[in-house]
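Here is a short, friendly tour of one protein chain, with a focus on its aromatic rings and one glutamine. Have the coordinates open as you read.

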Amino acid sequence: MARRNLEKHLQAGKCIEKGRPWPEKFSKVDIIKEIPFDSELGGIWSLQYSFDGETLAVGYGNGAIRLFNATTGELLKDLRKTRYGGFQIMCLRFHPKEHHILLAGTSEGLIFLCNTQDGTVTEKITEKNNEINCLDFDCEGFNFATAGKDLNVRIYDTKTFQLDKTYGGYDSTQNPTEIASCAMRVFSLKYHPDKPNIFVTGGWENHLKIWDHTTNNGVQRTMHGPHICGDSIDLKEWSVLTGSWVGQSALQEWDWTSGKSKDIPFDFKGHNGAYLYCAQYCDNDVVMAGGSGTNSVQAINKATGEKIGEVQMKSAVHALDTTMGGRLFAVGGKEDNLVLGRLC
């Protein structure tokens, strides 16, 4: 959600120009196109739409990055060529102001700067002995933060790629009951859509942590609960959406002020549980979430609890992204298939 305000500003004008309606209620899920790919790509691990909603970046298990037309599914560019035996592209983020700039983080601790205009990909940062599971820009684009296996949260200057600050994680010399920073692997990091210094992290330690990167301590408060194993944190105003890799009560919304949560029903009938890897807010009180419990992504009206549609896959869903408030979405995972769809 940290990019939704800018998306709406860019996309609403185009919608008016083209005369397209913006429905106040979603009633179904439509599949636009399915794009099969070779198994050597290693599945899809990350997805990210450009801010104008016209381009979709896809990160694969063998280190490849491809660009597609968001609406038609046409392959536009092999941004980073297929590298058999490579490492997963765990996260992709477009710059909020320079929309042709895309950052990619990998499970071997590398950050690539990708220019979608000229097609160049440059290795900019190496975090030794780390797996970068997540990264995000602040809403103004001045900084970005990374987190992953080594428990450190790092803040970088976007222009220079210089490390500005490191918040160290737990080590064996510390009392785990007193540690404020990360004590287990981090899998999701999201900046607040309106507060450029505030972000939230989650991972295996069953806590949401709220950070202020202008402070020395970093963590300002924690909320106990969600077991995060993928890109499954999203922010909307002062609410936090989480998808946990657990069987029951997997999809939840948290109140920023009180720290209290409420469950959003995720239908796993006929399966052992939900076990979610990804979750996002959409417009019209709808959220989307998916994982390995049902091997599907569901669109759910969080106000009524109604499931308005589902994308069924053959294997675990690892990645989900939406644009135009869910009017376009992309789903990928272990199956050798990229699915493009829309809420309508």
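Before we start, one cut-off is handy: a residue counts as buried under 20% relative accessible area, as exposed over 50%, and as partly exposed in between. By that yardstick Trp-204, at 30% relative accessibility, is partly exposed. Please keep in mind that the model is a predicted one.

**The annotated repeat**
- An unreviewed UniProt entry places the feature "repeat: WD" at residues 186–221.
- That span is 58% strand and 0% helix, and its end C-alpha atoms are 16 Å apart.

**Aromatic pairs**
- Searching the whole structure turns up 11 aromatic pairs.
- One of them joins Phe-187 and Trp-204, whose ring centres are 5.5 Å apart with 35° between the planes, a tilted arrangement.
- This pair links distant parts of the chain, 17 residues apart: Phe-187 belongs to strand β14 (residues 186–191), while Trp-204 sits in the loop between β15 (198–203) and β16 (207–212).
- Phe-187 has a relative accessible area of 12%, so this residue is buried, whereas Trp-204 is partly exposed at 30%.
- Trp-245 and Tyr-275 also make a tilted pair, because their planes meet at 55° with the ring centres 4.7 Å apart.
- Trp-245 is in the loop between β19 (239–243) and β20 (251–255), and Tyr-275 is in the loop between β21 (261–263) and β22 (276–281), so the pair ties together parts that are 30 residues apart in sequence.
- Trp-245 has 33% relative accessibility and therefore counts as partly exposed; Tyr-275, with 24%, counts as partly exposed too.

**Other aromatic features**
- Phe-137, Phe-144, Tyr-156 and Phe-161 come together in one aromatic cluster.
- The face of Tyr-60 has Arg-66 lying over it, 5.7 Å from the ring centre.

**Gln-298 and its surroundings**
- Strand β24 (residues 296–301) contains Gln-298, which is buried with a relative accessible area of 1%.
- What does the side chain of Gln-298 reach at 2.7 Å? The partner there is the backbone oxygen of Asp-267.
- The side chain of Gln-298 also has a polar contact, at 3.4 Å, with the side chain of Glu-310.
- Leaving aside residues up to four places away in sequence, Gln-298 touches Phe-266, Asp-267, Val-287, Met-288, Ala-289, Lys-307, Gly-309 and Glu-310.

Terms used. Residues numbered from 1 in each chain as written. Predicted model: local features only at pLDDT ≥ 70, side-chain atom pairs only at ≥ 80, totals over all residues. Heavy atoms only, no water. UniProt positions renumbered as here; feature names shortened; annotations may be inferred. Helix = DSSP H or I, 4+ residues; strand = E, 2+ residues; numbered from the N terminus. Phe/Tyr/Trp six-rings, centres within 6.5 Å; stacked < 30°, edge-to-face > 60°. Buried < 20%, exposed > 50% of the residue type's maximum accessible area, 1.4 Å probe, protein only. Lys NZ or Arg CZ within 6 Å of the ring centre and 35° of its normal. Polar contact = N/O pair within 3.5 Å; in protein donor to acceptor, adjacent residues only side chain to side chain. Contact = heavy atoms within 4.5 Å.
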